[in-house]
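Work through the exercises below with the sequence and the 3D view side by side. Try each task before reading its solution.

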Amino acid sequence: MKKIIGLLGLLLLIGCSGSGKKDEGCKKSNLYGYVSICLPEIKGMVECSENPKIQQIIEPYLDSGPVLGYYLNDETYKKIDNLSEITYQDYFMLYGDYLRENFPARPEHLDFMQNDLEMSLFGENFEQISRTVEDTYGTVTAEKPALLEKYSPHPNVRTMVILMKYKNGDVETSVISIVDCLLVKNRLLTLAYYLAYDGGKSIDAAKEKNNSFVEKLMAAN
């Protein structure tokens, strides 16, 4: 599932790594341009963006921006040496955009950022973007994503709940993704969370976990 689910990030990047240095009082952080972003500790998850296996997975994203954090749940992390042989869900990716990494953003820029992401996913150019992903990565987006909800869990965060369907060969998968536009230390970042769709309960679970992560990330920075 990782290759299928992670393509939402590629769709977003096509449509529109920091060095691991520590802040005082922060156990792990990465640089985004000239700014150090603290990566919070999340119960039941492991931040593993520097692991060689994860580096292979995130390589396609690095053409557009740095991946600052990649969190697997504990059970998946135990299988990290075999990720290419399994499917997995329930993970976060925190990433940026090279064009924005030293841009001194303000709160009003969050709305512009979210509008750009909406146009990429739900606008007239989606079919072209989808074909680019298919040609490059061999995975088909079965249909245009559905925007289920927009809300703001924090004054400096804009969040979208998205349902997407991917087709890989004869296998079709429905995925819930929570995409957050973040203003952290006057920098614009994106946080994406992925969970297999299993009815309304999976949407509620995804939102709850995402909101908890956002709270910890904003508090740490």
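The exercises go from the whole chain to single residue pairs, and the model is a predicted one.

**Exercise 1. The whole chain**

Task: State how many helices and strands the chain has, and what share of its residues is buried.

Solution:
- Start with secondary structure. The chain has seven helices and nine strands.
- Next, take burial. Of the 221 residues, 50% are buried.
- Then look at the surface. About 10,600 Å² is exposed. Carbon and sulfur atoms supply 46% of that area.

**Exercise 2. A salt bridge from loop to helix**

Task: Find the acidic partner of R100 and say which parts of the chain the pair joins.

Solution:
- Count the salt bridges. The structure holds ten.
- Pick out one of them. The side chain of R100 meets that of D116, at 3.6 Å from N to O. The cut-off for a salt bridge is within 4 Å, so this pair qualifies.
- Place both ends. R100 sits in the loop between β5 (91-95) and α5 (108-122), and D116 sits in helix α5, so the bridge ties together parts 16 residues apart in sequence.
- Check the exposure of D116. Its relative accessible area is 37%, so D116 is partly exposed.

**Exercise 3. R106 and E108**

Task: Give the N to O distance between R106 and E108, then classify each residue by exposure.

Solution:
- Read the distance. The R106 and E108 side chains form a salt bridge at 2.7 Å, N to O.
- Recall the limits. Partly exposed lies between under 20% (buried) and over 50% (exposed).
- Classify R106. At 42% relative accessibility, R106 is partly exposed.
- Classify E108. At 39%, E108 is partly exposed.

**Exercise 4. A salt bridge from helix to strand**

Task: Decide whether K207 and E149 are buried or partly exposed, and locate their salt bridge.

Solution:
- Read the distance. K207 and E149 meet through their side chains at 2.8 Å, N to O.
- Place the partners. K207 belongs to helix α7 (residues 200-220) and E149 to strand β6 (residues 140-154), so the pair links parts 58 residues apart in sequence.
- Classify K207. Its relative accessibility is 19%, and K207 counts as buried. The cut-off is under 20%.
- Classify E149. At 29%, E149 counts as partly exposed.

**Exercise 5. The surroundings of T76**

Task: Locate T76, classify it, and list its contacts beyond four places in sequence.

Solution:
- Locate T76. It is in helix α4 (residues 74-77).
- Classify T76. With a relative accessible area of 9%, T76 is buried.
- Set aside neighbours within four places in sequence. T76 is then in contact with L83, Y88 and Q89.

Note on methods: Residues numbered from 1 in each chain as written. Predicted model: local features only at pLDDT ≥ 70, side-chain atom pairs only at ≥ 80, totals over all residues. Heavy atoms only, no water. Helix = DSSP H or I, 4+ residues; strand = E, 2+ residues; numbered from the N terminus. Buried < 20%, exposed > 50% of the residue type's maximum accessible area, 1.4 Å probe, protein only. Areas by Shrake-Rupley, 256 points an atom, 1.4 Å probe, with all protein chains shown as cover. Contact = heavy atoms within 4.5 Å.
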